[in-house]
There are 2 protein chains.
Amino acid sequence: MRIKSFTTYPLAVADPPLRSSYGRHAPYALRTALVLETTDGITGIAEAHGGDGPLAALEAIKPMVLGMDPFQLTRLWDQTADPSGAGDRSQTWFVPGENPRDARTRSYAAVEAACLDLIGKAVNRPVCDLLGGRARDAAPFSAYLFYKHAGGGGLGDDARDDEYGECLTPASMVAQTHRMMDLYGFKEIKLKGGVLPPEDEIETMRLLRAEFGPTVPLRIDPNCAWSVETSVMIGLALKDELSGGGYFEDPTAGMDGMAEVRRRLLAAGVDTPLASNVAVTALEHIVPAWETGASQVILSDPHYWGGIRAVQRMSMLCDSLGLGVSMHSNNHLGLSLMIMAHTCCASPAMQFACDTHYPWQTEQDEIIEGGRVRFVDGAVPIPDKPGLGVSLDMDQVHRLGERYRSLTYRKRDDEAEMRLHVDPNWKRILPRW
Amino acid sequence: MRIKSFTTYPLAVADPPLRSSYGRHAPYALRTALVLETTDGITGIAEAHGGDGPLAALEAIKPMVLGMDPFQLTRLWDQTADPSGAGDRSQTWFVPGENPRDARTRSYAAVEAACLDLIGKAVNRPVCDLLGGRARDAAPFSAYLFYKHAGGGGLGDDARDDEYGECLTPASMVAQTHRMMDLYGFKEIKLKGGVLPPEDEIETMRLLRAEFGPTVPLRIDPNCAWSVETSVMIGLALKDELSGGGYFEDPTAGMDGMAEVRRRLLAAGVDTPLASNVAVTALEHIVPAWETGASQVILSDPHYWGGIRAVQRMSMLCDSLGLGVSMHSNNHLGLSLMIMAHTCCASPAMQFACDTHYPWQTEQDEIIEGGRVRFVDGAVPIPDKPGLGVSLDMDQVHRLGERYRSLTYRKRDDEAEMRLHVDPNWKRILPRW
């Protein structure tokens, strides 16, 4: 069994105008589908970051993948070694997918996922069972809340095209949460912060705790919008709201800043775990994060951490160090959701519900045959099918590809969207507060 | 595919009278072969520690293995959790295989290896390629030298039955090394020390360096026979001999003692890495060993560390911490050798040649069909066959089983052998020097 074809499909996926400290989501999120076919006619599929940069990086390893035995992944990993890839891999200034230094881990991860999908089909086993066997049968996800503008983004600019509507106040966030919890059955909540002034985000968290009670863990993630001072102030203010299985994610920029926030919170008697997927994005960051106290929970990602096995190993490393493990999400479709679900189920130490943007995408832009993945009680069950358990609807892939080719932009730029729609002088400033 | 039969075969294997700080090897080393068969008639095999203790522990998980899907290993691992298994897992006082607290990792490892063998046969791939793909095509081993008495042990008490003869002096160790290097082509050397007075072992190491030169890395492992004082003295004396890819293994007992040796050697300007498989025998020891400096190289073992995937993960953990990785050996036959070779090839971070007792066993007691595994330039090539790449000679298995049943002892007791043959009052004393 050798890989005889390698085809990438760029995709543009309608996305509502979600807000974060990076800015505002564009009308279309960019993704890439990868299809590998073997000499014996088995197909393996994966979804990866999109846009021309990640696409070119993925195409660059195509010559190494063509002709390879899909079991020989370590060899591919070695072949893709890029000495120029060293350097800052934080997501402080690059959104995930846009950091050129992640090219190796991102591209390898896409090929690994597609190879595991086709190996699973060849041996008639789900991907999570190829990797030592599942630790659980379903992957729990959390409700991932966003402040947002009205209008459906790529779905149409009319407010009627957006099921969630405008959400730029604490009270409207409670309504958003109810809707999302009712639709998906999530048991944990993550609020994307760093958008409204701190007092409003504190208020939002307090309303959420009051509404959903202490059995629903809460997290807040402002993507480094706050100074150390502000982070400590908010960490103290949200001491109760973040207790009981929650965490405080990337309040401030950089490993040093995070470590300082930790020291000052601990000195004040608050041991809310700090989580990170901005300062800590790679295997080589974990030990320093642990040593300095910069992070007590690390957010994995089977896309940019270098694949499903890489997440299994990073979660074991975290577990050995006494660190918690969770999972980061970018905008994605059902194929990435399945990669994330198999990763979670194959990683015993993944004790927090994973992030997902999936509720922000819709049936009309799904690329999976048979339509969107169904959640059961906030979790994605592993299908009783081989590989990743899903297949591509090629009509949809081509439709989203046509749309990609028609776009004027080919990379994610949330700042540009802010300037276009909100404030012509908007810039990302860290810290903003 | 489900497991429908689980059969253990105790084995007694002729072994020469090798010496270590634990005492003297008995005439027969004890091993266990495990054979699993699936509902579709595929057989998976493994070799494990022997003797009635390890055998009973392995038999104890048989009810969990019967009926299981061989891919669902994580579930088996969870099922074998034993809260009473916590506690001292060092090998300071127990030889490997005899520590009852290793029962879970040992027994699980045997089942994992047999499951990977049968999965490999089912999907037509070597075991190392089921685990992400091999990092190398052959596993390098080192020449594992022992001071020893004459006479072949279980091969016959006559000196003519022992190809290596008595070796209780520095000069005779040079002859032993030449013979073993010539026969197997090893490129690295490990001396089992803690037997002769320190000045004689220092002399042995100096002769070996003089004879084989600085391109052949040397290690010495006295299994904790020395005090901290003596360890530091020897570490200083062997500064040059242990440089260039060598290491100083378990000179003294316990993590604290090892850390003290490290501190004192560093203070004297000697940074020879300390290695351990006595103080450090489990995943939970690695971080403390790294923090305290007790060990810079950890010796894995796919038998008592909990299997092949466990070694992959421990080696990744070591690599992340900047620790080196090597591999420990007990007396074993060709089936364990293949488990060790696949483990090495599936673990990119395994940068030292692995230990093996294989040269001390002979063709007449091999249980592998077709006879003993061949080394090429000191390494075991991964066979171009599925699974572990070897099969059992059941006539030999039954012959070694008959011998096992005829023995008066059913556990390894090197002290008893010393009292019987060398000194009726011999006791293991730590430190001896």
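In the predicted model, helix 11 of chain A is followed by A:Gly322, which has a positive phi near 80°. Helix 11 (residues 308–321; helices being DSSP runs of H or I with at least four residues, numbered from the N terminus) has 14 residues and reaches 20 Å from its first C-alpha to its last. This is close to the 20 Å expected at 1.5 Å a residue, the expectation being 1.5 Å times one less than the number of residues. Of the 14 residues of helix 11, 11 are buried (under 20% relative accessible area, 1.4 Å probe, protein chains only), among them A:Ile308, A:Met314 and A:Leu321.

Chain A is superposed on chain B (least squares on C-alpha atoms of residues with pLDDT of at least 70 in both) with an RMSD of 0.0 Å by a turn of 180° and a shift of 0.0 Å along the axis. The two copies are thus related as by a two-fold rotation axis.

In the interface, 30 residues of chain A contact 30 residues of chain B (heavy atoms within 4.5 Å). In chain A, A:Phe71, A:Arg125 and A:Arg313 lose the most area to chain B, together 22% of what that side buries (accessible area lost on being put together, 1.4 Å probe). Four salt bridges cross the interface (a side-chain nitrogen of Lys or Arg within 4 Å of a carboxyl oxygen of Asp or Glu), including A:Asp137 with B:Arg75, at 3.1 Å between the closest N and O atoms. Helix 11 gives the most to the side of chain A that touches chain B, with 8 residues.

Residues are numbered from 1 along each chain as its sequence is written, and chains are lettered from A and ligands numbered from 1 in the order written. Local features need pLDDT of at least 70 and side-chain atom pairs 80 or more, while totals for chains, interfaces and linings use all residues; side-chain values use heavy atoms, without hydrogens and water.

Definitions and conventions: Helix = DSSP H or I, 4+ residues; strand = E, 2+ residues; numbered from the N terminus. Buried < 20%, exposed > 50% of the residue type's maximum accessible area, 1.4 Å probe, protein only. Buried area = accessible area lost by both parts, 1.4 Å probe.
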